[in-house]
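Biologist: Could you take me through one place where two helices pack together? I am new to this, so please explain the terms as you go.

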Amino acid sequence: MVDLDYAVPPGEYIAEWLEENELSQAELARRLGYSPKHVSMLIRGSALGTDVANRLELVTGVPGARWLQLEAHYRRELERLAFEADSASAKAILKALPVPELRKRGFIEHDRRKPGHCILELLAFFRVGSLDALVERMESAPAVSFRQGDDADSGAVLSWLQIGEVCAEAIEVRRRFRPENVIPLMDGLRELSVHPPSHFGSTLVDRLKDAGVRLVYVSDFPRTKTYGASRWFRGHPLVQLSLRRRGDDTFWFTLFHELGHVVHHLPHHKNKTFIAVGDGDRDKWEIEADQFASTTLIPPSREAELVGLQSLEDVHQFAASLGIAPGIVVGRLQHDQLWGWERGNGLKQSLVVVDE
């Protein structure tokens with residue numbers, strides 16, 4: 001593609017057709033049933049609508065759809081040139097968003113060397129129609145709390161969340177969401193942890209959409225530090241998991257953490273986005289979601305037994321009695337500082353993103 005510093009209106013092609021067919025603008029106006037002034041304005045770049053395209057098809061033999069394509073391309077090129085003219089705004093946006101990562105994942109094609117094209121692709125990716133709308137979307141991005149000194153990237157977090165919404169568009173939810181439809185699923189979801197990831201990845205998606213919840217897997221971006229997120233999307237809860245750190249203990253805790261938000265918080269806070277960032281500041285909602293995940297995976301009635309787990313075989317037997325993966329138990333022992341962080345990691349399964 002060769003970028004031009006001007007846009008070619010369909011009127012130039014009309015003028016070429018007149019020259020090739022040795023017709024005047026007045027004669028074209030007569031054949032189209034328009035005034036000569038109307039045809040003159042079309043040739044100078046006035047908007048070409050469906051009625052004009054249909055009449056041009058009858059007179060020129062060029063399909064009306066082709067004339068409309070030329071018009072759409074012309075308007076798009078005008079937008080691109082406007083973005084490139086507003087270079088300061090375009091450069092600020094392109095710097096704030098993870099353009100290389102979005103290109104790597106196939107969500108946009110162009111890079112920062114073609115700012116006009118790149119901005120247009122970003123508008124389509126974020127489902128907004130103007131530069132101002134994109135800026136507003138970036139400025140209203142959900143706040144994320146990180147440990148002091150962490151170099152977190154809000155543009156990367158926003159892009160990661162948007163990929164989740166793009167993926168969620170393809171998931172057809174089968175029933176209206178109600179918290180009471182999700183709670184009975186917990187035991188069955190937890191028991192899936194003993195199966196290989198190739199089995200439970202898609203099964204989790206299917207079971208949750210039957211309860212009115214969308215679940216998507218989107219690997220984390222550099223400098224996002226996000227484990228999961230939950231928010232309201234198109235009338236239903238959306239849970240997004242990054243598989244950060246890849247261990248199955250982290251995966252299952254994050255899943256039930258986000259489902260805690262789905263059950264207890266999202267129904268009352270539909271405009272809020274809950275983002276799990278591991279070691280960030282914990283507000284009351286995050287603490288409640290942590291508690292939901294902990295008690296769902298290991299019931300309070302069995303917590304006292306954790307202190308007595310001294311060997312890998314003890315962990316296997318305890319996990320089997322609960323019907324959960326042993327890696328989940330190891331993760332809990334490490335979190336509670338009953339075991340060191342280096343102990344028992346061989347019992348954890350390593351996961352990769354299975355649906356993106």
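Modeller: Happily! Let us begin with angles: those under 35 degrees count as roughly parallel, over 145 as roughly antiparallel, 65 to 115 as roughly perpendicular, and the rest as oblique. This is a predicted model, where local features need pLDDT of at least 70, side-chain atom pairs count only at pLDDT 80 or more, and totals for chains, interfaces and linings use all residues. Residues are numbered from 1 along each chain as its sequence is written, and side-chain values use heavy atoms, leaving out hydrogens and water.

Helices here are DSSP runs of H or I with at least four residues, numbered from the N terminus. Our pair is α2 (residues 25-32) and α4 (residues 50-60), which pack at an angle of about 110° with their axes 10 Å apart. An axis is a line fitted to C-alpha atoms over the stretch in contact, and angles run from 0 to 180 degrees between N-to-C directions. The two helices, α2 and α4, are therefore roughly perpendicular to each other.

Who touches whom? On the α2 side, Leu28, Arg31 and Leu32 make the contact (heavy atoms within 4.5 Å), and α4 brings Arg55, Leu56 and Val59. Sorted by class, the contact of α2 with α4 has 4 nonpolar, no polar and 2 charged residues; Ala, Val, Leu, Ile, Met, Phe, Trp, Tyr, Cys and Pro count as nonpolar, Asp, Glu, Lys and Arg as charged, and the others, Gly among them, as polar.
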